[in-house]
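Let's take a friendly walk through this model, from its sheet to its pocket and its aromatic rings. Have the viewer open and follow along.

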Amino acid sequence: MKLKDIYNKIISENTWNGETVEYKSTQNINIEAYIEPDEIGDPYAKIYFIEIPENLRKNGVGKKEIDNFKKWAKSYGVGSIEVNNILDDAVPFWKKMGANINNNDLQDLEDGDKIHAWIEI
């Protein structure tokens with residue numbers, strides 16, 4: 001069985017039990033992401049950070065990881081992902097991933113400020 005088939009089998013078996021579930025990278029990428037309950041107990045997806053090693057950037061590794069996270073989150077019935085701690089140099093990447101970052105969000109940023117965004121899935 002191919003890795004893709006195994007992954008698809010795993011995500012098709014996910015059921016929400018109201019508890020926080022940690023996402024595990026499929027590519028050994030440093031990512032902190034979860035499905036957790038929102039205020040009323042529904043599943044809620046959040047990416048706190050993702051770190052792609054310099055030597056793997058610009059190769060589609062980050063996109064593949066985010067695509068895998070989107071599929072995984074969707075398997076829990078989640079319709080959007082909250083992304084926290086976006087550094088300004090990562091804005092182009094997150095825009096490519098579908099994050100709703102507009103230029104007004106960037107105008108008042110100072111060095112070291114982080115951006116918050118949503119991705120619809």
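The report below covers the sheet, the helix packed on it, the largest pocket and the aromatic pairs.

**The sheet**

Please keep in mind that this is a predicted model. Its 5 strands form an open sheet with mixed pairing, in the order E1-E2-E3-E4-E5. At the edges stand strand E1 (21–22) and strand E5 (114–120); each has a single partner strand, so one side of each is left without a neighbour in the sheet. Helix H2 (residues 61–74) packs on the sheet and touches E1, E2, E3, strand E4 (80–87) and E5. The direction of helix H2 makes about 165 degrees with that of E3.

As background, strands of a sheet pair through backbone hydrogen bonds, in either a parallel or an antiparallel sense. Here are three of the pairings, side by side.

| Strands | Sense | Bridges |
|---|---|---|
| E1 and E2 | antiparallel | 2 bridges |
| E2 and E3 | antiparallel | 8 bridges |
| E3 and E4 | parallel | 3 bridges |

Individual residues make these pairings easy to find on screen. Valine 21 has isoleucine 35 in E2 as its bridge partner. Moving on to strand E2 (residues 30–37) and strand E3 (residues 43–51), you can see asparagine 30 opposite glutamate 51 in E3, while glutamate 36 stands opposite tyrosine 44 in E3. The hairpin of E2 and E3 has 5 residues between the strands, and glycine 41 in this hairpin takes a positive phi near 95 degrees. For the parallel pairing of E3 and E4, look at isoleucine 47, whose bridge partner in E4 is valine 83.

**The largest pocket**

If you are thinking about grids and probes, this part is for you. The largest pocket has a volume of about 680 Å³. It is lined by 26 residues, and the closest to its centre are Ile52, Arg57, Asp89, Ala90 and Phe93. Which elements give two or more residues to this lining? They are E3, H2, E4 and helix H3 (91–96). E4 gives the most, with 5 residues. Sorted by class, the lining has 14 nonpolar, 5 polar and 7 charged residues.

**Aromatic pairs**

The model has a count of 7 aromatic pairs. One of them involves a residue we have already met: the rings of tyrosine 44 and tryptophan 118 have centres 5.9 Å apart. Their planes stand at 75 degrees, and planes over 60 degrees apart count as edge-to-face, so this pair is edge-to-face. Because tyrosine 44 lies in strand E3 and tryptophan 118 in strand E5, the pair ties together parts that are 74 residues apart in sequence.

Key: Residues numbered from 1 in each chain as written. Predicted model: local features only at pLDDT ≥ 70, side-chain atom pairs only at ≥ 80, totals over all residues. Heavy atoms only, no water. Pairing = 2+ DSSP bridges. Helix = DSSP H or I, 4+ residues; strand = E, 2+ residues; numbered from the N terminus. Contact = heavy atoms within 4.5 Å. Axes fitted to C-alpha atoms, helices over the stretch in contact; angles between N-to-C directions. 1 Å grid on protein atoms, 1.4 Å probe; cavity = no way out; pocket = protein on both sides within 12 Å on 5 of 7 lines; lining within 4 Å. Points joined across faces, edges and corners; volume = space filled by probe spheres on them. Nonpolar A, V, L, I, M, F, W, Y, C, P; charged D, E, K, R; others polar. Phe/Tyr/Trp six-rings, centres within 6.5 Å; stacked < 30°, edge-to-face > 60°.
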